[in-house]
Amino acid sequence: MLVELLLEPLRYGFLLRGLAAAVLIGVICAVIGTYVVLKGFAFIGDALAHIAFTGIVVAFLAGFVFYLGALMAAVAAGLGIGLIQRRVGLRTDTAIGILFSGIFALGIVLMSVGIKTYTVDLFSYVFGDILSVRPSDLLVILGLGGLVLVLIGLLYKELLFVNFDPVAAEATGLPAGALQLFLLTLLSITVVASVQAVGVVLVVAMLVTPSATAYLLTDRFHRMTLLGAGFGALSAVIGFYLSYFLNVPSGGTIVLVASALFALVAVLSPRRGQLRLLVRG
Amino acid sequence: MPKGVQRPMARESWMAERLRCSYLLALVVAVLLAACSRTAPPPREASPATTPAAGNQVRVVVSLPVFISLVEAVGGDRVRVSSLVPAGTDPHTYQPTPRDAQALAEADVVFVNGLGLEGWLGDLITAAGSGAPVVELAEGLQTIPEEPHQGTPETTPGQSTPQGEHTHEHGAGNPHLWLDPDYAIEYVRRIAQSLEEVDSGGASTYQTNAERYIAEIQAFDAWAKGQVQRIPPARRKLVTFHDAFPYFAEHYGLELVGVIVLSPGREPSPQELAQLVDLIRQQGVPAIFTEPQFNPKLAETLARETGVKVLELYSDTPPTGEDYIGMMRRNVEHVVEGLE
């Protein structure tokens, strides 16, 4: 009975692909999200998505594939954020703010200068819908997710060291700058691929909320990563089925489930008291 | 209280004040920026017939690009037409710019569709202080009420909400009347009559031009009805991206089976799409129609699921270089190609 109920939406190929994409993105984003949450640049997802828009405008004007434009813009911006932060000595969120607004504004101006004839809604090419995931999108996410997980796994110790004790890391001779830029590049690619497949709200939420939920339960880095991935996948599955049976949009519902999980854990967490002490410092 | 206590309090309130000021400043700059980014919009496909006597022309502002060719057909060289909504932009959610207010303020007459399609326009006309008459082309015409097309028996209570929203947005009845040639003829008559009122000197020109264009529309319509006859009756079924084609469908005897999104920007739920897939399969709908200004991904997903074709239809903006009749001809050709 229950099994039948759970299988009902999966008769449709596009719903099955949507569910698979949501779970994959829940896991991938949560793994990278551990760094995002601990380093405190939660809005990088939103920023990179809007920067990708400028890439799409440029691609539209220059006549090459939208996806390539978005990817190049996001990777360049990721590197730019890292460079501004290191060379100019500003905090990461400031660097994100500068590049986000600057590059997005460039996109808006270019669009109004460059597009004189019949326009298309270019925004709709940045912000996908989880119900319109194509088989090729799923392959991209799958390949990308595998790549991200393997690379983070291989460089786990180095990334941890460089991100959370950069001075000591540099003293031991690790290429700290390069590793940080590498992480930002990984993040850029993940965001672009996910956003154009499933939409911006879902990606921004998945980069932050599941990892933050995990943060409430543990202070071990690897445990936080695994728990975050678990919360991401769980939110995707629960949210997807809820949206099907309640007849509401899927992306938004998944985000609401992730937020509800966070609230639940925040209230029930045995570590909450310690967390408050930690925040009070 | 001693001074020592007052001072930090004063400083605090000063800081709060400064914070409030910065916030306001940021808001103002944001609004200005948003306005600036639109002040140089793409040209609105204005009348190419810029005669030297531009000062004597009747300045007409229309809401949608599709109305430009109707007004130009009637007004000829006597009018200069511009559209508020740029080509290929969604009129439901369009954000007007300062230049739009200027165009309205300088206009001699304004033509809009009405029925809530241009919900943002009322405030703008008031704000622009325009004294020009505003003619609602669809006013008082018989409309099709906006009912769910997906006549699914298992309609859940949740489904009534989005439908209600859409109805609210469009006001009474579906506003896309001009996609039915009979209504377009009515629009042309109203345009001619209003132009006469603001420019009585051109009355005979407007009458002659209107009669000629109406004859052209009728000729097109006769051709189009013949084209639709080529489609086997069982295949005369339409699934469109958004709910713009009920009048078109009724006029040409096509059954409107469903729409993909009720209103542009409103995300469909998985169940709505699943039900639409079932309907397409059950009824053997041969094709799905998108509109060129929207990302076709969702329609392509449904087409892949059901194994049908995807084609384009035009609603608000004719394809480059085409007038109303040219746009309608493309629509009919695409329908025949998709369903035949």
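**Domains and core of a predicted model**

Q: How far apart do the C-alpha centres of domain 1 of chain B and domain 2 of chain B lie?
A: This is a predicted model, in which local features need pLDDT of at least 70, side-chain atom pairs count only at pLDDT 80 or more, and totals for chains, interfaces and linings use all residues. Residues are numbered from 1 along each chain as its sequence is written, with chains lettered from A and ligands numbered from 1 in the order in which they are written. Chain B is divided into domain 1 (54–149 + 158–214) and domain 2 (232–339), with bounds from an automatic or database domain assignment. The C-alpha centres of these two domains of chain B are separated by 24 Å.

Q: How many residues does each domain of chain B give to the contact?
A: Two residues are in contact if their C-beta atoms, placed from the backbone, lie within 7 Å. The contact takes 29 residues from domain 1 of chain B and, from domain 2 of chain B, 26 residues.

Q: Which elements give two or more residues to the side of domain 1 of chain B that touches domain 2 of chain B?
A: Elements here are DSSP runs numbered from the N terminus: helices (H or I, at least four residues) and strands (E, at least two). Those giving two or more residues to this side are, in chain B, helix H2 (66–75), helix H5 (160–170) and helix H6 (181–198).

Q: Is A:Ile108 buried, partly exposed or exposed?
A: A residue is buried if 20 or more other C-beta atoms, placed from the backbone, lie within 10 Å of its own, exposed if 12 or fewer, and partly exposed in between. A:Ile108, in helix H5 (residues 92–114) of chain A, has 18 other C-beta atoms within 10 Å, so A:Ile108 is partly exposed.
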